[in-house]
Amino acid sequence: MEYFTGTDTNPIRVAIIGSGPSAFYAAEFLLSAPGYVVEVDMFERLPSPFGLVRGGVAPDHPKIKTVTRAFERTAGHERFRFFGNVEFGHGITYHDITAHYHAVIYATGAQTDRRLNIPGEDLRNSHAATEFVAWYNGHPDYAHLSFDLSQERVAVIGNGNVAVDVARILARTPDELRQTDIADYALEALAQSKVKEIIVVGRRGPAQAKFTSLELKELGALAEADVVIDPQELELDPLSAEYLRSGESRTAVRNFEIFQEFAQNRPLNKPKRIILRFLLSPVEFIGTDRVEAIRLVKNEICERGHFMSPCPTEEYEIMPVGLVFRSIGYQGVPLPSVPFDDQQGIIPNKRGRVINEHGERRRGEYAVGWIKRGATGIIGSNKPDAQETIEYLLRDMTFHQHFCPANPARDAIVDLLERRGIRYVTYNDWRLLDRLELERGEAVGRPRVKFTSVSEMLNALDSLRQTAALRA
Ligand code: NAP
């Protein structure tokens, strides 16, 4: 018998894989959908939630992180459950999901970096910026890394906000960093840093930089770093000049004004310098034991289709640097049993509905966030993105386009995890960890001292339980 799924007696059961902003926005839309009763179980590989808000947003941007207050409210909903420390494909499989839920939403983000694919890219001291970011944010998978901060000249390749974050963190003083929730080992390493010059390299011109204006302007307000642009770098080619004149992108116009301010400012001889360079593409990282220099080709802007593309000239430049961060974008990674578009680094989908290699819909499967659309946009961009997916999901439920779970009882998944001996972390457990991190911070006059390993988190929870048991 077909009956409507989404009532008190027959709620829609949805599993969300991942716990970053897009996951929480999706959960919020599901739990507040008028006319539908939905139960949401969120599965996260780490014991801690919030994805890139915890592991990606720069530690010196605490305001951006306050978005977690809204996620907290969602997590407090009676029909929401969090299963941390449970990895899709290991702790819980695709088959388990189809056996217990009506639908699944993949919200796994973009967990790896894009590659330049040039010689020397894997030399020592050449790193993906994404790894550096995850390291200084205390992500357990990256906490063991080390970076050679004894180098004085560093290049950051890319003109996006991640490149700005990396340049800014390298330029901050230990005192500035101490006031943030940066991982304690990163604080220590950066306090010993010898980095003096940070060169941010864009393959296109100042009119095409992808920085948001607020982030760009912030570079000019660093306590101990000057921002330097040679005014010649701001001489525009006709295409870029016309683009700015058209006012098509307010950000591009505003960014260009900021670049001009930077170029006019006289350097104050602060101990560090951030130098902005444009129209240069790395073609080779040069070095024997480690990166010693980058060979770059000079580009000019040319029209290819509708885009202002970087077209190489015959001119080359050698830039001596001892450390490189490649900041040219994030990319998604495939999930077991789920289709994947290698070219775009996303789960193939039409407006959030997952499709197979023939373009046909995969019943019950949806995507949100960066794994749906690629690594673009700010945290808030995930709200309309998740809304679109959830609208389709609910519509599909009405037409019975969902998995037909053999075992939809709410407790069944808990029984399964326990039978398998999987040590899952609930949202209440996370709240305890959160409080401990804040207390550890308070003890040393910092906003938070993060746990940076999974075992550390699980041990801390065990200790709390033992103490509670002794008291009882
Ligand atoms: P992004 O904004 O896409 O920037 C990537 C940069 O890499 C672009 O300048 C791009 O140049 C360049 N690039 C790509 N391929 C290249 C190649 N082969 N050689 C040289 N350069 C290359 O990516 P992102 O900085 O990783 O940021 C990801 C998203 O997160 C963005 O939407 C960003 O705004 C957001 N984010 C926001 C904040 C914030 O709001 N504070 C902080 C961090 C990140 P082209 O433009 O020529 O392609």
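Modeller: Before we start, contact here means heavy atoms within 4.5 Å of each other. This is a predicted model, in which local features need pLDDT of at least 70 and side-chain atom pairs count only at pLDDT 80 or more, while totals for chains, interfaces and linings use all residues. Residues are numbered from 1 along each chain as its sequence is written, and side-chain values use heavy atoms, leaving out hydrogens and water.

Biologist: Happy to dive in! Which helix lies across β7, β8, β9, β10 and β14?

Modeller: Helices (H or I, at least four residues) and strands (E, at least two) are DSSP runs, numbered from the N terminus. Axes are lines fitted to C-alpha atoms, for helices over the stretch in contact, and angles run from 0 to 180 degrees between N-to-C directions. The helix you want covers residues 161-171 and runs at about 175 degrees to β8. Its name is α7.

Biologist: Which strands are at the edges of that six-stranded sheet?

Modeller: Strands count as paired if DSSP finds at least two bridges between them. The sheet is open and parallel, in the order β6-β14-β7-β8-β10-β9. An edge strand pairs on one side only, and here those are β6 (126-128) and β9 (225-228).

Biologist: What is the bridge partner of valine 156 in β14?

Modeller: Strands β7 (residues 153-157) and β14 (residues 323-326) run parallel and share four bridges. Within β14, valine 156 is partnered by phenylalanine 325.

Biologist: How far apart are the end C-alpha atoms of helix α17?

Modeller: The expected span is 1.5 Å times one less than the number of residues. For the 18 residues of α17 (454-471) that gives 26 Å. The model agrees, with the ends apart by 26 Å.

Biologist: Which elements do the buried residues of α17 pack against?

Modeller: Buried means under 20% relative accessible area, exposed over 50% and partly exposed in between (1.4 Å probe, protein chains only). The buried ones are Met457, Leu458, Ala460 and Leu461, and because their arc (taken from the directions from the helix axis to the C-beta atoms) is only 155 degrees, they sit on the same side of α17. Gln466, Ala469 and Leu470 are exposed on the other side. The packing partners of the buried residues are α2 (52-55) and α16 (427-443).

Biologist: Is valine 354 buried or exposed?

Modeller: Valine 354 belongs to strand β17 (residues 353-355). Beyond neighbours within four places in sequence, its contacts include Tyr106, Pro339, Ile347 and Tyr366. With a relative accessible area of 0%, valine 354 is buried.
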